[in-house]
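Work through the exercises below with the sequence and model open. Each task is followed by a stepwise solution.

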Amino acid sequence: MKSTQMVAVFGALVLAGAAAGCLGSGGRKPGDKPDDPCGACDSLDAIREVAPGSAEQPLRERPSRVLFDMTGERAYVSMGGSVGKPGTTVAVIDPATGAVTTRLEVGYGPAEMALHPGGRFIVVLNRYSNYASVIDSVKRKVSGYALTDYYCEGIAFSADGRQAFVTNRKRDAVLIFDVETTGATFRMTAVTAAGGDGGVGMGSSPLLGSRSQGVLAPVQDQTAFNNFVWPIMKQVGEGNTGPGCMGNACHSGVAGRMNLGALPNGDMQRAYDEVKQRSLDMQPDASALLTKASRNGGTAHSGGTRWAVGSAQYNTVKQWMNGTLEVGGGGDGGVLPGDGGVVVTDGGLVADATVGPKIELKELEVGQNPRDIAVSASGKYVFVGELGGLGVSVIDVAKAKTAFHLDTNSMVLDVAAVGDLLLVATTNSSNGLPCKADPEYVALGAQTSDDVFADVADPTCTRGYSDIQNELAMWEISKLTEAGPNPPAVRYTSDTAEKSEADFEGELARELQIIQGSLPEQLAVRGTEVWIAMSASREVSQYELVTSPPGLRFKRVLTTGWNPTGVAISPTGKVMVTNRLSDVVSIIDPVMLAAAEMANAARSPEERRLALEATIQQVAVGTDRGRYPRTAVEIGESYYYSTAVFASDGDKSCNHCHYELNSDGKAWGIGLVTKFGRRSVMPAWNQARTAPYLAEGAIDMLDGLRPKVEEISLRIDYTGASVFGQLATRDTKYRELSFQLYGEQLSFDEMIADMVAFLGNDAHLPPNPNKFSASDPVLAKGKQLFMTACVTCHDPATGYSKPSALGPVVTLGRYDDFNRDESDPNILGALLSKPGFVFNPPSLRGLWDRPGPFLHDGRARTVREVLLPPGSMCLKPSERGWNETKTGGVGGSSIPGTHAPTTELPCADVDALVKYLWTL
């Protein structure tokens, strides 16, 4: 929208007022788009994907992470919200009473937080805003902002507090910031460097929370308004009449005008919200607040010498609107002294500038969807956990580069550097395949490797979903070296790792099988004390670190609530856990735990556990205080994230492989694929729009979920001589558990139906920060190529799949020259009911955020490997092209190229196509 249009819009808002629906939503907030006068009123809807037939659900604010201040007197909880309805607040809790003392407005989707080593300032990363919010823990208020980028996920400070390392999911990179603190002043500035690939990308964007347009400047905040603008509004009135704006006829509320005079004692918060609606970020000279024409000519606020262009008052307000008014400095108007606060600088950045040094994580093996981050005690290394890169990237701080990679072959959910130990919360390193000693493997005479995967067997003999475990990996940092190879981690695994009917006992050391609970989401460490939030089993588990020799000892596990994702330990030893789905925070007092344990020492283990859990204080932190879950969609959601409660061994959930409805970055051998075949893990978003499912496109959502969940649900508890007897036992178990959890008896099929309702109710698609622009010649070329080469199988408007009758799915290059037909015999009945064989390509929506592997069996690690043929000069080092043609396969038939239209593309065209795919 052009600036001339903006003036007209703001003039209309003065007349329309609350009738536009803007004021009822709280008005503009820091972080609203500069080209969107109504900010939060419609910017959410602009990016929200709503599935057909979606039903409105209770508003859940989703507490995701928790952080104590330096004294432990207050805890800060980020209320992240959901993808479609991001939260905007941090709740402040008094651990002594459990009371929520206040809520602080931050950006969209607050997630990770970090306490600066100085102990005063807390930095909050806002996932859907391109800035971080800075909280002054002494004043317990948001004091300023620091420009970052969208999808900043994790933050860690150097020991001296002079640098901040921030992981960025959008870029698969780490950003470095210089930090300065002096008393009540905090500066966090992006380190600039020459070169790069377009920098931090803080230009105008339709994504939530955009602050920047043209030249970037420090983001104005409410503290600056309170200290500088508000006093001017109270003191100055048009023509020197009335007690400032408060008594001015222009702001009396008549005809929907900005009503400041009617507010009791001049409500500063309401004034801030309403004024923000009429100010243009970075365009003060086009704002109705300063330049709206008066009846007598000139501007409405130019009576006498006050508000005259160039006056101290005018310049102060203009600086505030332009984002250059320093909270602690008083601006160049010098109207009022500041009260300290936060000064945020921009380091001279402009749109499309380069932020650096931007540390590129290695291609292929690492770097996909980095999130959690930790700094070694020596300050030599920064450890970056990757949700999709199957390991930890280790950054050498002095060299400002990725030094080496620690492979886990599993999602990394958190990292913690404790003395000389690196602790990594993760899942199993296996892929659901048989081991080399497995009788089936030996009988078939299968090779140990092929030209697709390095190994077609696993280190354990467990197969399918029974391979899913929960682990804590441990390395000694002093023994790590860039030269490598590095020693493997000691991996503590699930206490039930060898209890399932598909497990082989004796493969794992008994002393390593100590991890209780399912899906270790976050670590909290204080001294030798370790607490782990176990998100899939509704629990938090406690361990003790043994330093010589390094080891881990289990202490206890406690149930807290639905989907615990955050845990923190206060300086006084209290433990706080955020239960994300139910909007509840659990407070665990070690003194009360010890007393309950002593008093119940003679009772059974289960009775002792119940007695300990009775001491946990549960604090509701959301605005909706109703029971969770209370709708079919919410029951399905709880089942998706907490399937482990219903699982055969308590270890597995849907969220293990389809983490946060995305992919875990692995190719899995599962029961639906015979022999040693693998399947790429597909995201679970867009379910309502991507049917039919499986590579063969043979089933709908309900039929697809039922056999998958059946493999993980209570098989170990089945009894009865017949299949019908086993199913009856399963339903009995489900009805008992569902009654305990939901207050109603639900069968297995009813639970599956509720999960279908959850997956289909919304798209659950994260907003894309990469927007298509027809004026970008590279994107325009990429779109042209897509419309030429890709639309046969992928919808040209959305990137959704278009099932096509392309014949049987054949894996190329497997087992030397034998191309195995990958059609699943378990669903041939469904295939026979179709007029012809259908191949169902995956949706490309959200491809920018999806980690590899790609293709139906997970051969390709990158999209470029999908598009390029073997030996292509366009391949990057260590990439392998899979767009190939093969003859002499099944029945001697010729197999066309996997993606034939892109085989001969020039390298520049490949880059353009990939860039366009990132915008879908």
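**Exercise 1: an unpaired sulfur**

Task: find why the sulfur of cysteine 790 makes no bond to the closest cysteine sulfur.

Solution. Step 1: the closest cysteine sulfur to that of cysteine 790 sits in cysteine 793, at 8.8 Å, which is too far for a bond. Step 2: the criterion for a disulfide is a pair of cysteine sulfur atoms within 2.5 Å. Step 3: cysteine 790 has a relative accessibility of 14% and counts as buried (buried is under 20% relative accessible area, exposed over 50%, partly exposed in between, with a 1.4 Å probe and protein chains only).

This is a predicted model, where local features need pLDDT of at least 70, side-chain atom pairs count only at pLDDT 80 or more, and totals for chains, interfaces and linings use all residues. Residues are numbered from 1 along each chain as its sequence is written, and side-chain values use heavy atoms, with hydrogens and water left out.

**Exercise 2: the disulfides**

Task: how many disulfides does the rule give, and what does each one link?

Solution. Step 1: the count is two.

Step 2: cysteine 435 and cysteine 461 are joined, S to S 1.8 Å. The angle about this S-S bond is 45°, a right-handed link. Cysteine 435 is in the loop between strand 19 (421-427) and helix 7 (439-444), and cysteine 461 is in the loop between helix 7 and strand 20 (470-476), so the bond ties together parts 26 residues apart in sequence. Helices (H or I, at least four residues) and strands (E, at least two) are DSSP runs, numbered from the N terminus. Cysteine 435 is buried at 6%, and cysteine 461 is buried at 5%.

Step 3: the sulfur atoms of cysteine 874 and cysteine 907 are 2.0 Å apart and form a disulfide. This link is left-handed, with -90° about the S-S bond. Cysteine 874 lies in the loop between helix 17 (863-867) and helix 18 (907-917), cysteine 907 in helix 18, 33 residues apart. Cysteine 874 is buried at 9%, whereas cysteine 907 is partly exposed at 28%.

**Exercise 3: a sheet**

Task: give the strand order of the open sheet of four strands, and name its edge strands.

Solution. Step 1: the order is 5-6-7-8, with antiparallel pairing (two strands pair if DSSP finds at least two bridges between them). Step 2: strand 5 (110-115) and strand 8 (141-147) are the edges, each pairing on one side only. Step 3: strand 6 (residues 121-126) and strand 7 (residues 131-136) pair over five bridges, antiparallel. Valine 123 has valine 134 in strand 7 as its bridge partner.
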